[in-house]
Amino acid sequence: ALVLVRTPEDYEDVAKAINEALDKRFKLNLLTILDPESFGLSKEHIKDYKELLELRKDAWIELQNLAKKLSNLGFECKVKVEVGSLKPLLMEEAEKNDLIVLIKRKTVRDELEKERVDSAYAILSKYFPGKLIVVRRV
């Protein structure tokens, strides 16, 4: 199952939500997609590129923490952080998985967050409606 995780995120809450929503038989592919455009950055500018590498490193650490917590709960996990345009990366990863889990926060913190959730949901619900499960973070 592909599990889309937006970082930064409280991995304890995400682990709890996943544990309550999914069976341990699922092999979880934890994925964060960092779209430079949503951060107002470009891969072409050296300063922006360095910032993206730092964001990628931070996201990787967060996903590793989540994977460790989920492993302790009995799940098998892989971690992946991608940097690039949301739609093509999301489409590529969704094709490879039988189930797609979108973790949704109870309340949306800001407009950027709402936009990120809405755009991922719009893409997935249009192209993969039978594969999509939306899990509210507890």
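1. Start with how the chain holds together. Take the contacts between residues at least 6 apart in sequence: 79% of them join residues at least 24 apart. Keep in mind that this is a predicted model. Buried residues account for 42% of the 138 residues in the chain.

2. On confidence, the mean pLDDT of the chain is 87, with 88% of the residues at 70 or more. If you want to know where to be careful, look at helix α4 (residues 111-127), which has the lowest mean pLDDT among the elements, at 72. Strand β3 sits at the other end, with the highest value, 96.

3. The layout is easy to follow. You get four helices and five strands, and from the N terminus on they run β-α-β-α-β-α-β-α-β.

4. Now for strand β2, residues 27-34. It is mostly covered, with six of its eight residues buried. On one hand it pairs with β1 (residues 2-4), running parallel and joined by three bridges; there, valine 3 has leucine 30 of β2 as its bridge partner. On the other hand, eight bridges join β2 to β3 (residues 76-83), and this pair runs parallel too. If you want a spot to find that pairing on screen, leucine 28 stands opposite cysteine 77 of β3.

5. Between β1 and β2 comes helix α1 (residues 11-21), and these three elements make a right-handed β-α-β unit. At the start of α1, have a look at aspartate 10: one of its side-chain oxygens comes to within 3.0 Å of the backbone nitrogen of glutamate 12.

6. Which residues of α1 are buried? Val14, Ala15, Ala17 and Ile18 are. These four lie on the same side of α1, because they cover an arc of only 165° around the axis. As for what they pack against, the buried residues of α1 meet β1, β2, α2 (46-72), β4 (100-104) and β5 (132-136).

7. Alanine 21 also belongs to α1, but its relative accessibility is 41%, so it counts as partly exposed. Its C-alpha atom is 7.0 Å from that of valine 135, although the two residues are 114 apart along the chain.

8. Another pair worth checking involves leucine 102, which is in strand β4. Is leucine 102 buried or exposed? It is buried, because its relative accessible area is 3%, and the cut-off for buried is under 20%. The C-alpha atoms of leucine 102 and valine 5 are separated by 7.3 Å, with their positions 97 residues apart along the chain.

9. Last, a loop residue. Where is aspartate 35? You'll find aspartate 35 in the loop between β2 and α2. Its relative accessibility is 16%, so aspartate 35 counts as buried. Leaving aside residues up to four places away in sequence, aspartate 35 touches Gly84, Ser85 and Leu86.

How values were computed:
Residues are numbered from 1 along each chain as its sequence is written. This is a predicted model: local features need pLDDT of at least 70, side-chain atom pairs count only at pLDDT 80 or more; totals for chains, interfaces and linings use all residues. Side-chain values use heavy atoms; hydrogens and water are left out. Buried means under 20% relative accessible area, exposed over 50%, partly exposed in between (1.4 Å probe, protein chains only). Helices (H or I, at least four residues) and strands (E, at least two) are DSSP runs, numbered from the N terminus. Two strands pair if DSSP finds at least two bridges between them. A crossover is right-handed if, with the strands pointing away from the viewer, the path from the first strand over the helix to the second runs clockwise. The arc is that of the directions from the helix axis to the C-beta atoms. Contact means heavy atoms within 4.5 Å. A polar contact is a pair of N or O atoms within 3.5 Å; within protein, one must be able to donate a hydrogen and the other to accept it, and residues adjacent in sequence count only if both atoms are side-chain atoms. pLDDT is the predictor's confidence in each residue, from 0 to 100.
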